[in-house]
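Trainee: I should like to learn how to read the features of a protein model. May we take them one at a time?

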Amino acid sequence: MTRLPPPRVWVWTAATLVVVAVAVLAWRGSDAAATSSTTAAPPATPAGTPAAALTAAWSVDTGGPATASVVESDRVVVPAADGVAMVDPATGEEAWHYTRSGARLCGATAVDGVVVVLFSTGGRCDELTALRATTGERVWYRSVGFRADATLTSTDRIVLATSPTGLATVDPLGNNIRWHHAADAGCRLVDATAGTTGVALLQRCADGGLQAQLLDGFDGTLTWSRPLGTGTGTARLAGADGVVGVVDGDQLLALRAPDGGTLQTLPLPADDGTAPLQTSAGGTALLWARGTLTAVDTTTGAAAWSVPAVGLPATPDGKQAGTSVVVPEDGAFVTRDLLTGTELGRSTAPAVPVGARTAVVGPVVVVGTTGERAAFS
């Protein structure tokens, strides 16, 4: 005759099954279950230079928030609505990814060998994670309380989170927030960016006045503030590299980094809907707006040269050094002397996207726009 287990065994078994079921349900609803993360071996450094005739190698639409970062550590940054992937510049094949199925990507940026992503898991953008650009391994994580409309940009050693009411900077190689800055009373931020000169912002106040300000990138102290008028036209920052570049209506202003004085004023054609872009190399600021690239001396303000272009040029290795830049032009990537603009070489290419940031990785030219990554080789 079969003997049934005593009642206490049934009780223990039932309790164990309940605990297991609860644990499974908790895991399914956890961040771990919602996160898909892969890693990869570091990439080999590509050899060679772009050929005289390039063809379209690959392109991919980006479904996430716009990011100024195009290439980091020889891989291409591809944001999506739920995370980010890093792909091979030559083939477009994914090397690694980090996605969160239950979250929204608020912003992504890449600097100093890491990719920093900001997620919203509810109302606010509340989680920051840094991933090693070469391998996808997690470097650090922290909770934050940024607004739901926060975005990210970066420069060397600074990640900037921006919203209409204020700013915060984060150490990209640690997880500490360095400083906060609130918009002045009665004002809202129109635009902000981090660059080699510091953190620049535009704010429009209750009286309609537009102001430009420059803050120290590491401690947030105010370097200068100056009014730009009361017009209601387009107001955008081109960047804060070498000079502070501002599009104000139908003109592009190059403002001096130490005191905000006007170094150069460049007339612009009618607004075509493209966002201005800026970088620098050595003592030259490179400003692109509405179809024209202009090189401005950061000390004298002199416009050294200007050419029609479809986007922002690549500087050597993405650093502020070298004697030439690769300019995306209509139907070609043109190598030009940094100081004079003289053409030194040309790589023909089909359908170069307008409004792109350009990077060169060995023999491959990569371009990134607000909605696309593309490569030519």
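Mentor: Let us begin with a definition: a salt bridge is a side-chain nitrogen of Lys or Arg within 4 Å of a carboxyl oxygen of Asp or Glu. Side chains of opposite charge can pair when their charged atoms come close. Please note that this is a predicted model, in which local features need pLDDT of at least 70 and side-chain atom pairs count only at pLDDT 80 or more, while totals for chains, interfaces and linings use all residues. Residues are numbered from 1 along each chain as its sequence is written, and side-chain values use heavy atoms, with hydrogens and water left out.

Trainee: How many salt bridges does a search of the whole structure find?

Mentor: The search finds nine. One of them joins Asp156 to Arg157, with the closest N and O atoms 3.6 Å apart. Asp171 and Arg178 meet in another, at 3.5 Å from N to O. In the salt bridge of Glu343 with Arg346, the closest N and O atoms are 2.9 Å apart.

Trainee: Which of Asp171 and Arg178 is buried, and which is partly exposed?

Mentor: Buried means under 20% relative accessible area, exposed means over 50%, and partly exposed lies in between (1.4 Å probe, protein chains only). Asp171 is buried, at 18%, whereas Arg178 is partly exposed, at 27%. In the pair described before, Asp156 is partly exposed, with a relative accessible area of 45%, and Arg157 is partly exposed as well, at 46%.

Trainee: What is the nearest side chain of opposite charge to Asp126?

Mentor: For such a search, Lys and Arg count as positive and Asp and Glu as negative; His and the chain ends are not counted. The nearest one is Arg100, 6.9 Å away, and Asp126 is buried yet has no salt bridge. The side chain of Asp126 does make a polar contact with the side chain of Thr121, at 2.7 Å. A polar contact is a pair of N or O atoms within 3.5 Å; within protein, one must be able to donate a hydrogen and the other to accept it, and residues adjacent in sequence count only if both atoms are side-chain atoms.

Trainee: Where is Asp126 found?

Mentor: Asp126 is found in strand 9, residues 125-132. Helices (H or I, at least four residues) and strands (E, at least two) are DSSP runs, numbered from the N terminus.

Trainee: In what order do the five strands of the open sheet stand?

Mentor: Strands of a sheet pair through backbone hydrogen bonds, either parallel or antiparallel. Two strands pair if DSSP finds at least two bridges between them. Here the order is 2-33-32-31-27, and the pairing is mixed. Strand 2 (56-61) and strand 27 (311-312) stand at the edges, each with a single partner strand, so one side of each lacks a neighbour in the sheet. Strand 27 and strand 31 (residues 356-361) run parallel and are joined by two bridges; Leu312 has Arg357 as its bridge partner in strand 31.

Trainee: Which residues does Pro328 contact?

Mentor: Contact means heavy atoms within 4.5 Å. Leaving aside neighbours within four places in sequence, Pro328 is in contact with several residues, including Gly311, Leu312 and Thr358. Pro328 is found in strand 28 (residues 324-329) and counts as buried, at 0% relative accessibility. Although Pro328 and Gly355 are 27 residues apart along the chain, their C-alpha atoms are separated by 9.5 Å.
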